[in-house]
Structure formats: structure tokens, C-alpha cells
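Hi,

Here is the structure I said I would pass on. Have a look at it first, and my notes follow underneath.

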Amino acid sequence: MAEPSALSIRDLAVQFRNEQGVIRALDGVSFDLRAGQTLGIVGESGCGKSVTARSILRLIDRPGRITGGQILLDPAGPQAIDLTALDPDSRQMQQVRGGRIGLIFQEPMTALSVHYTVGNQIIEAIRQHRDLSKADAKAQAIALLGEVGIPHPQRRIDAYPFELSGGLRQRVGIAMALAGNPDIVIADEPTTALDVTTQAQILGLLQRLQREKGIALMLITHDMGVIAEMADEVAVMYLGRIVETAPVERLFAAPRHPYTRALLRAVPSILATPRQRLSTIGGAVPHPGLRPTGCSFHPRCTEMLGERCRREIPASVPLGVSGGASCFLPGASE
Ligand SMILES: Nc1ncnc2c1ncn2[C@@H]1O[C@H](COP(=O)(O)OP(=O)(O)OP(=O)(O)O)[C@@H](O)[C@H]1O
Ligand SMILES: [Mg+2]
């Protein structure tokens, strides 16, 4: 049986307004993040992955605005909350941010200040969400630093972020995200800024913490290898929409959307000879202000059916564990 949803995103629309006009960065995004599972969100640069993450935490700043849809926390629970209805600065939203939903950034310094020690920042984050004395919070902070694999946490707690390597800083970033004991964590490209060896270590750490703590992890990446390693379910994004969702095994065994197939072809294979060129997807993601008619992917699609793809927008991906693709190709949507 499928786990209940920890978070349900329904028809989410986000717009940025500038002198040139309105940019529809998210245009009807729907998916579920299930309790205790890892959902991978994958797509090329500019598809709206970070905007989705920031919208959930209500961190979209002007000129950005949520213009439609719902973000339901605990949708089936007695105290379901629609986060789109909350004031981003309200006490309730501050409790959700960090308390219910932790955020791990690509660049850990986004979450850290250069002016305070690692310990002071984690203690502060713990005390924001839990009613603990300073001494108890400090003990918790040391325990947390140990959990994220920082050696000598009793000593390192007095370090400043700049005294740590990139890998250790991201471990501190993960500790910050976990300080409020969230049941949902959103990690936005948490390893992109790190070297390959450190990437693997940080992903391993995230996977272990996700399993041990039963966290619902929304992992944003543009790397299909990371998806294969980490995700239970996958949502593929293209130009502000979800174009395919699937359990990870099905996505790799039988991808239904031509965009997913193209992303998979672009993954370097360990069997590839060094000289073999990495296949890339032809063309570039158009700017969201210049969204193609019909299926947004049609100008780049190698499997286009014809006029219909240019004119009609395919139905959204069906929700549910087995998922499907938003595409007119036979069998794509069921
Ligand atoms: N502050 C902003 N002002 C105007 N448009 C914005 C702003 N932030 C994002 N956008 C628009 O939203 C689109 C999606 O951006 P987003 O950062 O979510 O992409 P992404 O999928 O996270 O890409 P990447 O893989 O490069 O991180 C962008 O193409 C851009 O047009
Ligand atoms: Mg991003």
C-alpha cells in the first residue's frame, strides 16, 4: 500500500511580473510527497525546480507570486494546512519552515552566517523550534553534528563556517535543516557545489538520515544518476510543469515521456568509451515567457506526432503511485 502523502501540491501556479510582462514559472504543478519516501524532482536548468521548493516554504519574493493552486501539508490528517493560505511572515509559517519542513541548499553558506560559530547557529535553530534550555540545546547540537558525520563535534561546535571544508559545511547545512526535527526535508541540488567524492558521501549521509528518521525527502537534482541512487518516486519537470511521474524502477525501465527518454539518453554510461560523446538534448529550454504552444516540449521532441502536439496541451500527469506522462503518445498517460 502507498504511504500517505506528507505534502500534496495541487495545480500550483507561480508568476514573476516584470517590465517585459508576466513569466509563468510554474504552470499547474501537481505531485505528492509520500511520508518516509524520497521523491526525486529532475529537469534541466530553468524548469522551475527551485521555484517549486521555494514556493512550498513560502520563500518566493517579489516580483514572484503564487497565483493559484494549493500546497497541502498533511493533506489527509485532521490538521491539514494549505500553505498558500498563510502569510509568509506569520508565526505559523515560521513554525512550518524549519520545524515541519527543513531545507538544504545547494550552497550551504545560504543557510549559514559568517559571523557566528556553527554551534551558535545550530543551537539557535534548535531553540526556535523546540523548548529547550541553552545547555540542553547545546548537547543536542553536539549530538546532531555527530549524526551528520562531523568529527570531534565537541570541538567543531566552536568553529566558524569558513574554517570548514565544503563537505563539512554541507554537513552543517544538513544539521541546520534537521535542527527543528522536521518530518519533511527539501534538498535543492545539495551536492552540485561539491567534488565527486564528497558528493557521494553527502548523498550517502542524506540517504541514511532519511531512512533512519523516516523523513519524506524531496530531492531536487538535474542528475539522473542521483535519482537512480536515491529516489523511490520521481517527478520529471519541464518548463514549469510536471511531465512524468513514476516509481523509480518504472522510470528507468520504461520511461513514457520523450523528455524523460532524452534525459536518460544524456546520462553518461559507465560502459561508454571515453571518446564516446555524451548525448545531449537538442535545443535549449525556452524561456518561460516564450512558452511554445501545445505541448511545451514539442519543438525539441524527436517523437512528435504532428499538428496535435503543436496545438493541444496534453492532460496533466495522473496522480497516484503508478503515475504516467503528460503526452499524446499511445500508452503514455496511463
Ligand atoms: N526572481 C526571479 N525573477 C524572474 N523570474 C524568475 C525569478 N526566479 C525564477 N524565475 C523564473 O523561473 C524559472 C525557473 O527557475 P528555477 O530557479 O526554479 O529553475 P531550476 O529548475 O531550479 O533551474 P536550475 O537547475 O538552474 O537550478 C526561470 O527560468 C526564470 O525564468
Ligand atoms: Mg534551481
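Let me start with helix α1: 6 of its 8 residues are buried, so the rest of the structure largely encloses it. Bear in mind that this is a predicted model. The buried ones are K49, V51, T52, A53, S55 and I56. Just after α1 comes R58, which has a positive phi, near 55 degrees.

What does α1 pack against? One answer is a sheet in which α1 (residues 49-56) touches β3, β6, β7 (184-188), β8 and β9 (233-238). The direction of α1 makes about 150 degrees with that of β8. The helix also lies across β1 (5-18), β2 and β4, and there it runs at about 110 degrees to β1.

**The 7-stranded sheet**

This sheet is open, with mixed pairing, and its strand order is β6-β7-β8-β3-β9-β10-β11. β6 (101-104) and β11 (324-325) are at the edges with a single partner strand each, so each has one side without a neighbour in the sheet.

If you walk in from β6, the pairings go like this:

- β6 and β7 run parallel and are joined by 4 bridges; I104 has A187 in β7 as its bridge partner.
- β7 and β8 are parallel too, with 5 bridges, and I184 is partnered with A216 in β8.
- β8 (residues 216-221) and β3 (residues 38-42) are again parallel, with 5 bridges between them; here V42 sits opposite T221 of β8.

β7 is worth a click in your viewer. Is it buried or exposed? Mostly covered: 5 of its 5 residues are buried. In a regular strand, side chains alternate between the two faces of the sheet. In β7, I184, I186 and D188 point one way, V185 and A187 point the other way, and all are buried. The route from β7 to β8 passes through helix α7 (residues 196-213), and the three together make a right-handed β-α-β unit.

Further along the sheet, helix α10 (residues 258-265) lies across β3, β9 and β10 (241-247), running at about 100 degrees to β9.

**The 4-stranded sheet**

The other sheet to look at is open as well, has antiparallel pairing, and follows the order β2-β1-β4-β5. Its edge strands are β2 (21-34) and β5 (81-82), each of which pairs on one side only. β5 is held to β4 (residues 64-73) by 2 bridges, the two strands running antiparallel, and L73 has I81 in β5 as its bridge partner.

**The nonpolar cores**

Which residues touch the most other members of the largest nonpolar core? Out of 56 residues, they are I56, L83, I101, I186 and Y259. Some of these you have met already: I56 is among the buried residues of α1, and I186 is one of the buried residues of β7.

Y259 has quite a list of contacts. Leaving aside neighbours within four places in sequence, Y259 is in contact with G43, E44, C47, V236, M237, Y238, V243, I281 and F297. There is also a second, separate core of 37 residues, which includes L144, M176, L205 and L217.

That's what I have so far. Shout if anything looks odd at your end.

Cheers

Methods: Residues numbered from 1 in each chain as written. Chains lettered and ligands numbered in written order. Predicted model: local features only at pLDDT ≥ 70, side-chain atom pairs only at ≥ 80, totals over all residues. Heavy atoms only, no water. Pairing = 2+ DSSP bridges. Contact = heavy atoms within 4.5 Å. Axes fitted to C-alpha atoms, helices over the stretch in contact; angles between N-to-C directions. Buried < 20%, exposed > 50% of the residue type's maximum accessible area, 1.4 Å probe, protein only. Core = buried A, V, L, I, M, F, W, Y, C linked by side-chain atoms within 4.5 Å. Right-handed = clockwise from strand over helix to strand, strands pointing away.
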